[in-house]
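Here is a short walk through one protein model. It starts with the sheet, moves on to the helices and ends among the aromatic rings.

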Amino acid sequence: MLSCRSSLVSIQFRADLTPADFRMPFVDIQSNLPASSFSEDFLKKLCSCTAAALGKPEERMHLVVQPGLPMLVAGSCSPCVILSVSAIGVTDTADKNKEHSAKIFEFLTRELSLTADRITIQFHALQPHQVGKKGTVMSFL
């Protein structure tokens, strides 16, 4: 472990950790589709798809589905999905998100029988201090 200290700040760097160790993705789906569209099998497949797209193990994924919402997308209340992906270190560039988006869109259009214009994906880049775990934040783990 390396340590840098000054009178104002103390920062510790753990040499045994890589940026990949801090990525703990959160996937949130909002949809006007009924709950029956989001079976346990679907959730497991979505977890596998997004974990693979983001380069993370499935054990690190957090998924929440909010079905049956009143929603309007592009002026229509037809079936739709808004998916948010929040993560540390893997959603911070347009190039990365373009790759993630292609893989996730392919999965959602196939599994939910939606056209691409009925799906919107938001990517949020998180910092380690914005994610709490084990009574602290990821910055200190």
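This is a predicted model. Begin with an open sheet of 4 strands. Their order is β4-β3-β5-β6, and the pairing is mixed. Which strands stand at the edges? They are β4 (62-66) and β6 (119-126). Each has a single partner strand, so one side of each is left without a neighbour in the sheet. From one strand to the next, the twist averages 15°.

Now look at the pairings of β5. Strand β3 (residues 26-31) and strand β5 (residues 81-88) run antiparallel, joined by 6 bridges. Val 27 stands opposite Val 85 in β5. Asp 28 has Ser 84 of β5 as its bridge partner. The pairing of β5 with β6 is parallel and covers 8 bridges. Here Leu 83 has its bridge partner in β6, and that partner is Ile 121. How enclosed is β5? Of its 8 residues, 7 are buried, so β5 is largely enclosed by the rest of the structure.

Next come the helices. Helix α1 covers residues 40-54, and helix α2 covers residues 94-112. α1 lies across β3, β4 and β5. Its direction makes an angle of about 130° with β4. α2 lies across β5 and β6, and runs at about 140° to β6. Strand β5 therefore has both helices lying across it. The two helices also pack against each other. Their axes are 9 Å apart, at an angle of about 165°. That angle makes α1 roughly antiparallel to α2, because angles over 145 degrees count that way. The crossing of α1 and α2 is right-handed.

Which residues make the contact between the helices? From α1 come Phe 42, Lys 45, Leu 46, Cys 49, Thr 50, Ala 53 and Leu 54. From α2 come His 100, Lys 103, Ile 104, Phe 107, Leu 108, Glu 111 and Leu 112.

Another residue to find is Lys 96, in helix α2. Is Lys 96 buried or exposed? Its relative accessible area is 31%, so Lys 96 counts as partly exposed. Setting aside neighbours within four places in sequence, Lys 96 is in contact with Gly 89 and Val 90. Lys 96 and Leu 54 are 42 residues apart in sequence. In space, their C-alpha atoms are 8.7 Å apart.

Finish with the rings. A pair of aromatic rings is described by the distance of the centres and the angle of the planes. How many aromatic pairs does the structure hold? There are 2. One joins Phe 38 and Phe 42, with 5.4 Å from centre to centre. Their planes stand at 75°, and the pair is edge-to-face. Both Phe 38 and Phe 42 are buried.

The other pair is Phe 42 with Phe 107. Their centres are 5.5 Å apart and their planes lie at 35°, so this pair is tilted. The pair links distant parts of the chain, since Phe 42 sits in α1 and Phe 107 in α2, 65 residues apart. Phe 42 has a relative accessible area of 4%. For Phe 107, the relative accessibility is 3%. Both values fall under 20%, so both residues count as buried. Taken together, the ring pairs link Phe 38, Phe 42 and Phe 107 into a cluster.

How values were computed: Residues are numbered from 1 along each chain as its sequence is written. This is a predicted model: local features need pLDDT of at least 70, side-chain atom pairs count only at pLDDT 80 or more; totals for chains, interfaces and linings use all residues. Side-chain values use heavy atoms; hydrogens and water are left out. Rings of Phe, Tyr and Trp (its six-membered ring) pair if their centres lie within 6.5 Å; planes under 30 degrees apart count as stacked, over 60 as edge-to-face and the rest as tilted. Buried means under 20% relative accessible area, exposed over 50%, partly exposed in between (1.4 Å probe, protein chains only). Two strands pair if DSSP finds at least two bridges between them. Axes are lines fitted to C-alpha atoms, for helices over the stretch in contact, and angles run from 0 to 180 degrees between N-to-C directions. Contact means heavy atoms within 4.5 Å. Angles under 35 degrees count as roughly parallel, over 145 as roughly antiparallel, 65 to 115 as roughly perpendicular and the rest as oblique. A crossing is left-handed if the near helix is turned anticlockwise from the far one by less than a right angle, and right-handed if clockwise.
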